[in-house]
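Hello,

Here is the structure you are taking over. My notes on packing follow it.

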Amino acid sequence: MQTTTDPLTRLAENTGRYARYSRSAGGLSLVIGGILCLAAFTVGATVELTPAWRYALVAAPLLWLASKELLRAFYYQRAGAVRERLSDRQRRGHFWMVAYLAVMALLIIGGVAWTAGARAWQWPGIAYIAIVAAMPLVAARWFWSTGDFLVGVLLVCQAAVVIVGLHYPWYWILVAGLYAAIAIPTGWREHRDYLRLRDELGLRDEAAGA
């Protein structure tokens with residue numbers, strides 16, 4: 001029985017691996033997200049939240065999203081953008097993840113509006129509502145893996161709580177640590193796979209000659 005060693009088949013497989021870094025594979029951005037997640041919850045629970053610290057923690061999810069976009073555009077897909085084709089399972093998982101966050105956001109906003117009344121629509125309550133409302137929209141655009149979901153939801157929730165001058169209790173550091181322990185090794189493994197793929201596709205030589 002003859003085995004298939006068609007170069008076109010191999011190229012298609014490598015192209016699919018390369019395309020993963022447009023969505024479901026975060027690589028170093030997932031490592032950054034795990035570190036930010038653990039750091040944000042540690043700071044939030046142990047440091048006096050001055051205005052500077054508060055806004056730094058609120059900016060943490062924005063910093064993570066920026067790292068995702070910059071790494072995707074200028075590192076992982078610098079040879080050209082290739083959009084990942086999601087499987088039906090991935091599409092269903094993404095849909096239900098976004099739907100879950102949308103329902104939770106509606107419940108939270110409804111509860112705040114019911115209990116706080118007009119104060120919910122004044123600063124900083126309106127900022128809290130805006131961050132919570134943005135969470136499913138951010139998920140629809142950027143959360144394509146379990147690691148994205150774990151890190152992203154925690155960072156956005158932390159930002160929403162901190163913007164009103166509150167913080168999560170200390171034991172949430174353990175939760176953030178658990179999520180980071182999942183995200184960081186996963187992202188590093190994806191990054192190492194990209195390095196192997198880069199060598200197979202000759203992207204290292206192209207970058208050196210650019």
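Leu-155 is in contact (heavy atoms within 4.5 Å) with Gly-33, Leu-36, Cys-37, Ala-40, Ala-60, Pro-61 and Trp-64, leaving aside neighbours within four places in sequence. This is a predicted model, where local features need pLDDT of at least 70 and side-chain atom pairs count only at pLDDT 80 or more, while totals for chains, interfaces and linings use all residues. Residues are numbered from 1 along each chain as its sequence is written, and side-chain values use heavy atoms, with hydrogens and water left out.

The largest nonpolar core (buried Ala, Val, Leu, Ile, Met, Phe, Trp, Tyr and Cys joined through side-chain atoms within 4.5 Å; buried is under 20% relative accessible area with a 1.4 Å probe, protein chains only) has 41 residues, of which Trp-64, Phe-143 and Leu-155 touch the most other members. Two or more residues each come from helix 2 (28–46), helix 3 (51–76), helix 4 (88–116), helix 5 (125–142), helix 6 (146–163) and helix 7 (172–201); helices are DSSP runs of H or I, at least four residues, numbered from the N terminus. Helix 6 gives the most, 10 residues. Another core, of 8 residues, lies apart and includes Tyr-21 and Tyr-194.

Helix 6 and helix 7 pack at about 150°, with axes 9 Å apart (lines fitted to C-alpha atoms over the stretch in contact; angles run from 0 to 180 degrees between N-to-C directions). The pair is therefore roughly antiparallel (over 145 degrees). Leu-150, Val-151 and Leu-154 of helix 6 meet helix 7 residues including Trp-172, Tyr-179 and Ile-182.

Regards

Methods. Buried means under 20% relative accessible area, exposed over 50%, partly exposed in between (1.4 Å probe, protein chains only). Angles under 35 degrees count as roughly parallel, over 145 as roughly antiparallel, 65 to 115 as roughly perpendicular and the rest as oblique.
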